[in-house]
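I opened this entry to keep a record of what I looked up around the nucleic acid and in one helix packing. My notes follow the order in which I checked things.

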Protein chains: 2
Amino acid sequence: MKQDRPKISDVARIAGVSTATVSRVISNPGMVSEDTRATVQAAIAETGYRLNHAARNLRHQRTGGIVALVPNLSNPFFAQILSGIASVLVPAGYNLLVADTHSAGAEMLLDYAEPSRADGLIVLDGALPAAGLSGRVPVVQACEWVPGLLAPRVKIDNAAAAALAVAHLADLGHRRIGHVAGPRGNVLSEARFKGTVEALRARGLPCPDQADYAADFSLEAGRAAADRWLAADTATRPTALSFASDAMACGFIGEVQRHGLVVPRDVSVVGFDDIELIAHISPPLTTIRQPRAALGRLAAERLLARLRGENDPGDDMLLPVELVIRASTAPLV
Amino acid sequence: MKQDRPKISDVARIAGVSTATVSRVISNPGMVSEDTRATVQAAIAETGYRLNHAARNLRHQRTGGIVALVPNLSNPFFAQILSGIASVLVPAGYNLLVADTHSAGAEMLLDYAEPSRADGLIVLDGALPAAGLSGRVPVVQACEWVPGLLAPRVKIDNAAAAALAVAHLADLGHRRIGHVAGPRGNVLSEARFKGTVEALRARGLPCPDQADYAADFSLEAGRAAADRWLAADTATRPTALSFASDAMACGFIGEVQRHGLVVPRDVSVVGFDDIELIAHISPPLTTIRQPRAALGRLAAERLLARLRGENDPGDDMLLPVELVIRASTAPLV
DNA sequence: CTGAAAGCGCTTACAG
DNA sequence: CTGAAAGCGCTTACAG
């Protein structure tokens, strides 16, 4: 019983060929004659040989790993994007390393952008420093984007998506339509607020000068927004609200319900993302669906193309969104 | 402008020392005299040298990676466990690779258990085949466990946790207490059902012979459970229910609310896990809190200890749970 | 405290 | 189609 793992030289000895030939059978079988190939394959089976990836990677000057930088792993929104990424990367022979940018420090992130750690980077956090990310390994941005970072972007048209929510609420007869934005400075917050404002203006509806920023995209931020709304003058406060995330919309609904109000009778609510949960709460939430798995898949494919050295025009790729009407929105009474 | 990344030999040349000395400065500075160390460090700074991990790993016969096998990445329950794992592994110099066992095939999993891919494995999915997991790389099991797999387990006492829910409902005066179990055959489902049955028996309360299994731990499974409950005889159906997951409890509540019932007036509900969301729905859910981050941290620490070659008694490590009383449970009227 | 040298397990240009 | 040999970038026992 051999303790050590067999290596290519063990296979070569048993098959009676050189290590070069064994290597070719493994990575380029077409170069080897059929007979030799069969002998080598038998020896591989006999020894239970398995390739040592560290050695191959060192030789190939690659790591075989792709790092995804995620703002917050505990947000279910990202899980499906990661699924999409993995579904492309893993069959292509890459490992997917997932790093939570909130819990990691800045030095750690730079460490991930190291060519000896990862062959490429998928950035899902728009708040990262562009300087630390560029010029090291190939990068693709997905969902969010880092202003000033020259790397392909796979995303939705956030402004147009926000306008979809406004159009839906306006079509239901609402005139005082509010928007609870994500955190100040976040690229998504700004784009969605901008789209909301433009849509309101285009319909001649009243429009805030200043966004109602939340602390983040969380449930708790939505709860806090509910307190602001509940404290406002009932004669002038919005009769309908769109939110920059489903989590916020959920937090809002939970809080106003706890205060005895009924959604959508007392206020219509539109979320953003279409996370699984919100179809199951009461009332089921009307929202904007983002194609999460597709966002992940396309970002991964684009990164692979760059890794293969293919030319990338480098321009934004915009994926379609969809308004999903459920029961949290109703005509103005 | 040098195109290539500097390597240890470049640093050595500039510092006027051997590559061995440079290597020692990097990984064992105490072995090198102060003067030499300073010279080498200056040369490192000058060249911008960064260690090549593939080379070091090949030399050390390790990969520097730990794989976490997760049943379902899109379940927010796992995100915080992964956070806990990463918080220990990353500072210790390991990469965390995350693999979703649902989306990956069986061969892929075996590939992950390869010593050339990962130095260790954290298994979070109890449905994996024990045979494919043992005898390859060090393994630690967390939350779930694989029957027959001889590897340390970090988990909660699921039966005792389920009994906590029963005790709470019984103390509120409920006599007909039901339990919606997780999927049949899942180790957690069985343990929690068993704990429920024992607690009911101990109090002399009526107790089902057979678990009410759900398809999985999902929202949709909870919704389906609601339909069964709604269809049952109101005179004999449970007045209180505990669930094997928060997601199921949410799905249940949403569905019964849609049928015009009120929680907890018409039925008391206890969840399991304490995912963030459920504090924000209406009514906020009473549940059993699992220490997720701690489960992840301890599993990672235990794996690191094995990797260091420390002796591990190999027995189960049980973490405490806590009943969190919110508003989805009320006295029987 | 420091250096020369071997070696981790692969791959590939080169020669035949 | 196949082999001998160099080399990917480190680390470390050995010798001094």
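**Around the DNA strands**

I began with DNA strand D, where I found 27 residues around the strand, with A:T36, B:I8, B:A20, B:S23 and B:N52 coming nearest. I note here that this is a predicted model.

I then looked up which elements form the surface near DNA strand D, and found that α2 and α4 of chain A and α2 and α4 of chain B each supply at least two residues, while α2(B) gives the most, with six residues. Sorting the residues of that surface by character, I obtained eleven nonpolar, eleven polar and five charged.

For DNA strand C I repeated the search and recorded 27 surrounding residues, of which A:I8, A:A20, A:S23, A:N52 and B:T36 are the closest. Here α2 (19–27) and α4 (53–60) of chain A, together with α2 (19–27) and α4 (53–60) of chain B, each contribute at least two residues to the surface, and the most comes from α2(A), with six residues. The surface near DNA strand C divides into eleven nonpolar, eleven polar and five charged residues.

**Helix packing in chain B**

How are α2(B) and α3(B) oriented to each other? I found that α2(B) packs against helix α3 (residues 34–47) of chain B at an angle of about 90°, with the axes 10 Å apart; since angles of 65 to 115 degrees count as roughly perpendicular, the two helices are therefore roughly perpendicular to each other. On the α2(B) side I listed B:T21, B:V22 and B:V25 as making the contact, and on the α3(B) side B:T36, B:R37, B:V40 and B:Q41. By character, the residues of this contact are three nonpolar, three polar and one charged.

Definitions and conventions. Residues numbered from 1 in each chain as written. Chains lettered and ligands numbered in written order. Predicted model: local features only at pLDDT ≥ 70, side-chain atom pairs only at ≥ 80, totals over all residues. Near = placed C-beta within 6 Å. Helix = DSSP H or I, 4+ residues; strand = E, 2+ residues; numbered from the N terminus. Nonpolar A, V, L, I, M, F, W, Y, C, P; charged D, E, K, R; others polar. Axes fitted to C-alpha atoms, helices over the stretch in contact; angles between N-to-C directions. Parallel < 35°, antiparallel > 145°, perpendicular 65-115°, else oblique. Contact = placed C-beta atoms within 7 Å.
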